[in-house]
Structure formats: C-alpha cells, structure tokens
Amino acid sequence: MDADIKKVLYSEQEIQAVTQRLGQQITADYQGKNPLLVCILKGAYLFMADIAKNVSDYAEVDFMNVSSYGDGVVSTGNVKIIKDLDIDVKGRDVIIVEDIVDTGQTLAYLIDLFNGRDVKSVKVCSLLDKPEGRKVDVQVDYAGFEVPNEFVVGYGLDYAEKYRNLPYIGILKPEIYTE
Ligand SMILES: O=P(O)(O)OC[C@H]1O[C@H](OP(=O)(O)OP(=O)(O)O)[C@H](O)[C@@H]1O
Ligand code: HPA
Ligand SMILES: [Mg+2]
C-alpha cells in the first residue's frame, strides 16, 4: 500500500507524541467538567481512540458520521449527516474531535449545529490543519500538525475509502486520483 504514497509526513510515533500532548492540554483545561468528546466519523476513528486514552479526567464519548467528500478529493460543500449523536448535547461542554480541517465547511456546519442545540461550549481538536485549504473561517483550539495544500491519507483519512488503516499520515501520489 505504501506504493501509492508520495511522502510520509508524520510517523506513528510522532502522532502518538502529539496525541499525548493534546490529551494533556484537554485534561488541564477541562478539570472536573466532564466534557463530551464527539468523534466525527469516519476519518477521526483512530485519532479519537488515542485522544480519549490521553484525557485523564472523566469524559464521555459519542460518535457522529458526516460526509462531504464522497469518493473525491474535493469537497462537495454539502455536509450530510449519516449518523447523528446518541447523547443530548444541551448544556454540555463539547469537544469536536476531527482528523482534518481543510476548507472548514464540515466544522462550520457542526459548530452551528451544536450551538443550535444549546451546548454550553464547543471547542475543536483536530489532528491536522490545512490552512491553505480554507474557504470559511474556523478556529481549531487543539491542533496537532499543519499539512501542506495536498491530499493526505492514513491514520483514518481516506481517498475513496482506502488508506484509512495506514498507521502514518502521508501525501497521496496525485496520479492515484488523476489517472
Ligand atoms: O474542512 P473540510 O473541507 O470540510 O474537510 C474535512 C472533513 O472532510 C473529511 O470527511 P469526509 O467527508 O471525507 O468523510 P469521512 O471522514 O467519512 O472520510 C474529514 O474527515 C473531515 O471531516
Ligand atoms: O487532504 C485530505 N485527505 C483526506 N480527507 C480529506 N478531507 C479533507 N481534506 C482531506
Ligand atoms: Mg473522506
């Protein structure tokens, strides 16, 4: 599978170190608050597990599946809810756990949605941030790594559902999606 990867950006070890750092920051900031960690499927499935293990105070977890890329490398701009949360977010301190913030459209949609559901607070923890991809202005409160304006895969991130199980983050060879 590595044959499709142009360059490895972050190794499994580097990702582990960053999830520890972010987990410790969240623990310090949410002492005694029982935050709700909301995993945005499918991309954040591995990151969520690592973040949750590194938050060493009480936290709850829930899962939401939203999609806007389908099988392509460009956002359709249309964020679809495939599975909603089970837990009521009203009055909760919500932390959205994302794999990547690219155009920012998914995040903007989710923040609006949660504010409309009367959360007490909503913050964002994303493994990757691609600032050059931004179309809407959104803020990432807990960010792992900045990535260049290229299509990246691995550690949860896919192209047409492939590569999610790679243990590292890499740039996908453009010929894979242009040929
Ligand atoms: O900032 P944006 O441009 O909105 O992109 C970020 C979102 O896009 C990807 O989800 P995708 O729609 O590919 O669904 P998936 O997580 O199931 O792959 C990714 O996992 C983020 O949720
Ligand atoms: O670079 C990316 N890779 C995979 N999924 C994505 N969703 C938004 N940007 C990306
Ligand atoms: Mg995807």
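User: Which residues does Gly-156 touch, not counting residues up to four places away in sequence?

Analyst: In this predicted model, Gly-156 touches Gly-43, Ala-44, Tyr-45, Leu-46, Phe-47, Asp-99 and Arg-164 once residues up to four places away in sequence are left out, contact meaning C-beta atoms, placed from the backbone, within 7 Å. Residues are numbered from 1 along each chain as its sequence is written, while chains are lettered from A and ligands numbered from 1 in the order in which they are written. Local features need pLDDT of at least 70 and side-chain atom pairs count only at pLDDT 80 or more, whereas totals for chains, interfaces and linings use all residues.

User: Why is Gly-156 called buried?

Analyst: Gly-156 has 26 other C-beta atoms within 10 Å, and a residue is buried at 20 or more, exposed at 12 or fewer and partly exposed in between, so Gly-156 counts as buried. Gly-156 sits in the loop between β8 (152–153) and β9 (169–172), strands being DSSP runs of E of at least two residues and helices runs of H or I of at least four, numbered from the N terminus. Although 111 residues separate Gly-156 from Tyr-45 in sequence, their C-alpha atoms are 6.1 Å apart in space.

User: How do you know whether Asn-34 counts as buried or exposed?

Analyst: Asn-34 has 11 C-beta neighbours inside 10 Å and therefore counts as exposed. Asn-34 lies in the loop between α1 and β2, and its phi is near 50 degrees, a positive value in a residue other than glycine. Tyr-163 also has a positive phi, near 80 degrees, but with 21 C-beta neighbours inside 10 Å Tyr-163 counts as buried; its place is in the loop between β8 and β9.

User: What makes β4 (80–83) and β7 (142–146) edge strands?

Analyst: Six strands form an open sheet of mixed pairing in the order β4-β3-β2-β5-β6-β7, where two strands pair if DSSP finds at least two bridges between them. At its edges, β4 and β7 each pair on one side only.

User: How do you know that strand β6 and β7 pair?

Analyst: Strand β6 (residues 121–129) and β7 share four bridges in the parallel sense, so the requirement of at least two bridges is met. Along this pair, Leu-128 stands opposite Phe-145 in β7.

User: What covers the buried residues of α2?

Analyst: The buried residues of α2 are Leu-46, Phe-47, Met-48 and Ile-51, and their cover includes α1, β2, β5 and β6. Just ahead of this helix, in the loop between β2 and α2, lies Lys-42, and the peptide bond from Leu-41 to Lys-42 is cis, with omega near -5 degrees.

User: Which residues surround ligand 2, and how do they divide into nonpolar, polar and charged?

Analyst: Ligand 2 is surrounded by Tyr-69, Ile-100, Asp-102, Phe-151, Val-152, Val-153 and Leu-157, a residue being near a molecule if its C-beta atom, placed from the backbone, lies within 6 Å of it. That shell divides into six nonpolar, no polar and one charged, with Ala, Val, Leu, Ile, Met, Phe, Trp, Tyr, Cys and Pro as nonpolar, Asp, Glu, Lys and Arg as charged, and the others, Gly among them, as polar. Around ligand 1, the shell holds six nonpolar, eight polar and five charged residues, and Gly-43, Tyr-69, Asp-102, Thr-103 and Thr-106 come nearest among its 19. The largest share of that shell, four residues, comes from β5.

How values were computed. Two residues are in contact if their C-beta atoms, placed from the backbone, lie within 7 Å.
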